[in-house]
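Please look through the structure shown below before reading on. The paragraphs after it explain how one chain is built and how that chain meets a neighbour.

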Amino acid sequence: MSAYAADVAALARKDLRLELRTRETLPAMLLFVVATLVVFHFALPPRAGHDAAYGLLWVALVFTALLGLGRAWVPEREGSVLDGLVLAPCDRSAIWLGKTLATLAFLVGVEVIALPAFAVFFAPLPVRALAGVALANLGICAVGSLVAAMAAAGRTRELILPLLFLPLAIPLIVGGVGATISPHKAEYLLFLVLYDAVFSILSWAAFEYVVTE
Amino acid sequence: MAAALGLVFFVAPVDADQGISQKIFYFHVPLALTSYVCFGVGAWKGLRLLWTGAARYDLESYTAIHQGTIFGALTLLTGSIWAKASWGRWWVWSEDQLVLFLVLFLFYCAYFMLRFSVEPGSRRERISAVYALFGVALIPVSFLAIRLSKNFIHPVVFTRHGPQMTHSMFAAFCVAWAAVLLVAYVMYRVELAGKRIDANLQDLREALTAS
Amino acid sequence: MIKADRVEKRYGRAWALRSVSFELGAGELLLVTGPNGSGKTTLLRLIAGLATPTRGTLTVSAGRADVGYLGHEPLVYRDLTGLENLDLYGRLYRIRERRERIGMSLERFGLWDARNERVSTYSRGMVQRLALCRALLHDPALLVLDEPFTALDDRAAALLDTELAAFAAVKTLVVSTHDPERIDDFATQRLALA
């Protein structure tokens with residue numbers, strides 16, 4: 001295994017270990033997404049079709065991800081650990097990648113419960129929706145990790161994270177909803193691939209500059 | 001500056017016979033295009049900052065994005081007026097350009113919130129530059145997304161349109177765009193100079209009090 | 001090893017470090033003193049590579065793998081154990097015979113018994129000792145220590161004294177302290193910031 005991959009693995013493992021031990025983020029995200037789905041039931045008018053529900057699923061996923069992202073860099077903030085990681089000889093982008101993979105794992109963990117819950121509460125989910133979710137997850141975590149690091153550098157942290165993240169998430173929602181309800185699903189899935197490619201590379205390259213002075 | 005403003009008002013009489021909505025168009029599109037240019041400049045300056053580390057690029061990037069946001073807000077405003085004149089409603093989701101500007105406006109407003117949140121210094125400069133770069137990446141991706149989002153209801157046929165204007169209209173349009181660009185450029189220089197003077201004054205003050 | 005030429009650092013309007021120039025050769029020890037707010041921490045962060053100067057040039061001929069930094073913050077995860085923290089850094093610094101070195105380091109600084117406890121349960125002195133372990137783990141050629149004696153009890157401080165004495169002979173050190181007498185014997189250069 002190359003040194004880079006080893007670094008990423010060590011960092012991602014660290015995040016998983018932290019979450020397993022403190023159990024702060026994952027349960028909150030789970031509860032949040034289920035509660036949100038229940039809220040949506042009351043928010044949707046009785047004649048609303050499946051399409052409206054699918055749209056709201058994506059809203060739920062994005063906001064649940066936001067909840068998780070708000071906590072993503074908290075362990076590194078306490079005790080200025082980020083300085084320690086930046087000092088290490090590893091590539092700074094490895095720090096981003098490790099965090100992205102860990103956040104991805106949490107998001108998928110939440111979706112394992114949320115998606116069946118949605119199917120039970122509202123409407124069954126076709127396979128293409130799952131493909132859309134999988135692709136969008138990548139984009140959410142890639143961009144989210146970077147943007148969360150930016151937010152963490154400031155004073156207002158959790159307050160500013162949604163402001164930074166939501167405009168960037170709009171294309172993901174379009175792609176995801178389109179993949180779920182449109183007859184031209186391939187276009188939307190392809191678009192999600194495009195988004196993931198562009199913004200993952202950008203985030204990967206730019207992370208160094210976000211954490212160094 | 002006066003010459004630029006004169007030019008802008010000069011354009012209006014040229015097509016006074018077209019009707020209000022068309023007149024707005026001559027401002028709306030140049031404003032939008034100028035906005036893109038400003039954001040592009042902001043991102044370019046940001047890239048230069050990351051490349052060279054020279055602090056002056058931060059100020060230039062910030063000023064360019066500031067201008068871009070102002071022109072973006074004007075784009076939305078004129079767009080809204082145009083929508084009211086054309087369709088009778090203050091906002092239409094069917095106009096891709098307008099929706100794109102709404103998304104960008106949100107994005108760049110967050111830029112300023114980000115800057116206010118982070119303490120001044122090289123960290124803030126870098127983060128701002130990276131965000132500016134994300135902005136220009138977002139422009140085409142968002143545009144594509146907005147195009148695609150209309151497919152939910154009816155498929156959009158992607159056709160290409162030429163300028164679709166008569167010669168005189170096109171000429172007037174170009175003049176308008178040149179004028180708006182000029183105004184933007186002048187405002188940019190003025191704001192940048194103002195900020196630089198502020199910074200120099202502060203430095204001077206500190207140097208005097210230190211010794 | 002380190003060459004500083006009119007190095008300055010500022011954050012927005014605030015000057016954290018005013019013009020500083022010096023040259024430090026390999027194997028030397030630079031003792032940095034000065035009141036709070038004079039820029040000691042900023043200077044050490046610049047040398048360690050955590051920040052870049054606003055003006056002036058700073059050349060440090062040690063790469064990231066050769067620098068050991070001890071700052072005001074311990075740079076360890078509170079919810080990981082001492083062992084897990086050192087293991088992570090051990091991997092990131094690509095230390096050979098990682099387990100043995102970590103074991104030795106923990107023993108040396110009296111943390112072996114607490115190695116499987118979360119750092120959040122450590123006393124302040126233990127955390128500082130763990131931070132020292134972290135800084136020294138990869139046997140760096142350049143040590144940058146910002147007030148390393150803070151929070152250490154007498155025994156640990158005595159231990160650090162011996163360590164520093166050993167290091168002063170073979171490594172390059174930059175140490176800032178409120179307590180210059182401890183290190184003065186080893187210092188080859190002194191820098192007093194105002």
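What follows goes from the overall form of chain C to its sheet, then to the nonpolar core and the contact with chain A.

This is a predicted model, in which local features need pLDDT of at least 70 and side-chain atom pairs count only at pLDDT 80 or more, while totals for chains, interfaces and linings use all residues. Residues are numbered from 1 along each chain as its sequence is written, and chains are lettered from A and ligands numbered from 1 in the order in which they are written.

Chain C contains six helices and eight strands; helices (H or I, at least four residues) and strands (E, at least two) are DSSP runs, numbered from the N terminus. Along the sequence their pattern is β-β-β-α-β-β-α-α-α-β-α-β-α-β. The C-alpha atoms of chain C fill a box of roughly 45 × 35 × 30 Å along the principal axes. The radius of gyration of chain C is 17 Å, which agrees with the value near 16 Å for a compact globule of 194 residues. That radius is taken over C-alpha atoms, and the globule rule is 2.2 Å times the number of residues to the power 0.38.

Of the 194 residues in chain C, 45% are buried, where buried means that 20 or more other C-beta atoms, placed from the backbone, lie within 10 Å of the residue's own.

The strands come next. An open sheet of five strands in chain C has the order β5-β6-β7-β3-β8, with parallel pairing; two strands pair if DSSP finds at least two bridges between them. Its edge strands, β5 (67-70) and β8 (189-192) of chain C, each pair on one side only. Strand β3 (residues 29-33) of chain C pairs with β8(C) in the parallel sense over four bridges. In β8(C), L191(C) is the residue opposite V32(C).

The largest nonpolar core has 189 residues, and V147(A), M150(A), V210(A) and V144(C) have the most contacts inside it. Such a core is a set of buried Ala, Val, Leu, Ile, Met, Phe, Trp, Tyr and Cys residues joined through C-beta atoms within 7 Å. Helix α7 (residues 127-152) of chain A gives the most to this core, with 16 residues.

Where chains C and A meet, the contact takes 26 residues from chain C and 22 residues from chain A; two residues are in contact if their C-beta atoms, placed from the backbone, lie within 7 Å. On the side of chain C that touches chain A, β5 and α2 (82-92) of chain C are the elements that give two or more residues. The largest share of that side, five residues, comes from α2(C).

Terms used. A residue is buried if 20 or more other C-beta atoms lie within 10 Å of its own, exposed if 12 or fewer, and partly exposed in between; C-beta atoms are placed from the backbone.
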